[in-house]
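Dear colleague,

Please find the structure below, with the sequence alongside. My notes on what turned up follow it.

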Amino acid sequence: MSSVYERIGGEPAMAAAVEVFYRKVLGDDRINHFFEDVDMERQAAKQKAFLTMVCGGPSNYSGKDMRAGHKHLVERGLNATHFDAVVGHLKETLEELGVPAELVGQVMAVAEGARADVLNR
Amino acid sequence: MAKVRHESAWYPLEPGETVLDGLLRQGVHVPHACRAGACQSCLMRATSGAVPEAAQVGLKDTLKARGYFLACACRPQAGTALEVAGASELRVPARIVDLESLSGDVVAVRLEVEAPFDYRAGQYVTVVREDGLARSYSLASLPREDRLELHVRLVPGGAMSGWFARDVRPGERVHVQGPAGDCFYVPGQPEAPLLLAGTGTGLAPLYGIVRDALEAGHTGPIHLFHGALEPRGLYLVDALRALAARHPNLHYRPLVLAGGDGDVEEGPLEARILASLPKRPVGWRAFLCGNPEAVLSLRKKLFLTGFSLKDIHADAFLPSTPRAGPVAGAA
């Protein structure tokens with residue numbers, strides 16, 4: 001079966017989704033301090049890689065990378081509440097872009113699977 | 001340990017040290033200014049050995065392919081032996097032909113370049129003095145004009161700006177390297193609304209961009225905001241008012257934080273810009289130049305209001321940074 005990534009349109013869909021998603025995250029005072037970056041293009045590229053991964057697209061992320069990449073944020077207080085907020089924005093983003101509920105559910109399951117690694121548990 | 005060969009001598013680098021710091025520490029003269037990989041003053045060329053990818057970020061592909069890299073961003077891995085040369089072949093000789101005071105602390109420096117020099121209005125160049133002192137400045141001129149024009153803010157204790165203010169006479173020779181930067185107008189979508197916002201000498205690239213867009217036949221509204229602390233920090237006010245009088249689609253708004261009057265509006269730049277935007281600024285393009293905090297903050301706010309990242313061109317003016325540590329303001 002083809003991935004969600006392929007079924008919703010591949011790279012162009014990710015490019016469209018990342019701006020919507022990044023805007024939500026950056027506008028959310030509960031979590032935006034984890035996403036502040038002088039280099040907004042670099043931050044957007046990271047988030048595009050994240051969206052691509054949770055949608056089952058081509059990705060180089062491993063669980064180990066997820067742990068290492070979020071360790072400094074966990075030290076700064078990243079917790080389950082923040083994780084839930086990000087996942088909420090992810091869900092809203094996909095819904096706004098018209099992704100069918102069944103596919104959104106699949107993406108949510110992948111994202112949930114990354115919880116332990118992201119939170120370094 | 002990594003080592004670097006420059007003009008037939010080898011120089012060892014400390015662990016984690018950049019090529020720029022290592023060479024300067026050992027007495028080698030390398031032009032440099034921002035030390036943050038932005039101004040490109042410290043451009044060098046690797047004649048043998050590989051440089052890390054991070055040392056070529058932001059360079060044109062043609063320069064990358066020829067081995068050019070930024071010495072301030074180049075930390076070779078342990079064991080690397082790198083042979084480098086300066087980038088003098090990329091510098092063109094130029095002559096300062098005119099200096100004009102634009103305000104209490106801004107001088108227009110006009111140069112004639114003695115070789116063909118292609119650039120886009122709004123890009124920046126590095127001026128290299130004979131002794132190697134280098135500083136980057138945005139271009140306020142248009143490519144079709146004979147002279148390059150820079151707006152130099154006189155910084156207290158500034159090495160290059162002090163030289164311009166006190167010592168330079170027309171005829172003085174320098175070298176110009178560049179251009180660099182991607183804050184410029186691209187023709188197409190002539191009806192798109194443009195937002196140009198700058199603080200201080202951030203007006204320089206905007207003065208080029210606005211005239212470039214108008215000459216290219218841009219018909220959409222162009223909103224040009226120029227912010228300063230007080231009225232004497234503004235400059236080119238009459239020239240821009242005259243330009244706006246000739247082009248009904250140009251809306252020029254000089255703005256000061258204090259000391260405004262009937263002639264000049266008073267208020268915070270960012271808030272006034274945001275208040276002037278429609279609720280959903282679809283299809284807008286923005287050009288932001290000047291003070292780094294102002295530029296970065298405004299870029300974020302514009303993105304949040306709906307600007308696409310690719311439509312925001314930001315040029316944050318970084319201060320030059322001496323070797324002893326980050327001290328702002330010696331531009």
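Helices here are DSSP runs of at least four residues, numbered from the N terminus. One caution before the rest: this is a predicted model.

The second largest pocket

The volume of this pocket, the second largest, is about 550 Å³. Its lining consists of 24 residues, and those nearest the centre are Phe35(A), Gln43(A), Lys46(A), His70(A) and Leu73(A). Three helices of chain A, namely H3 (40-54), H4 (63-75) and H5 (80-96), each contribute at least two lining residues. H4(A) gives the largest share of the lining, with six residues. Sorted by class, the lining of the second largest pocket holds 13 nonpolar residues, six polar and five charged.

His70(A)

His70(A), one of the residues nearest the pocket centre, sits in helix H4 of chain A. An unreviewed UniProt entry gives His70(A) the feature "binding site". Is His70(A) buried or exposed? Its relative accessible area is 22%, and buried would require under 20%, so His70(A) counts as partly exposed. Leaving aside residues up to four places away in sequence, His70(A) is in contact with Leu78(A), Val118(A) and Asn120(A).

Chain B

UniProt, again in an unreviewed entry, lists "domain: FAD-binding FR-type" for residues 89-186 of chain B. Over that stretch, residues 89-186 of chain B, the chain is 46% strand and 8% helix. The C-alpha atoms at the two ends of the stretch are 29 Å apart.

Regards

Key
Residues are numbered from 1 along each chain as its sequence is written. Chains are lettered from A and ligands numbered from 1 in the order in which they are written. This is a predicted model: local features need pLDDT of at least 70, side-chain atom pairs count only at pLDDT 80 or more; totals for chains, interfaces and linings use all residues. Side-chain values use heavy atoms; hydrogens and water are left out. On a 1 Å grid over the protein atoms alone, a cavity is a set of points where a 1.4 Å probe fits but cannot get out, and a pocket is an open set with protein on both sides within 12 Å along at least five of seven lines; lining residues have an atom within 4 Å of a point. Grid points are joined across faces, edges and corners, and a volume is the space filled by probe spheres set on the points. Ala, Val, Leu, Ile, Met, Phe, Trp, Tyr, Cys and Pro count as nonpolar, Asp, Glu, Lys and Arg as charged, and the others, Gly among them, as polar. UniProt positions are given in the numbering used here, feature names are shortened, and annotations may be inferred rather than shown by experiment. Buried means under 20% relative accessible area, exposed over 50%, partly exposed in between (1.4 Å probe, protein chains only). Contact means heavy atoms within 4.5 Å.
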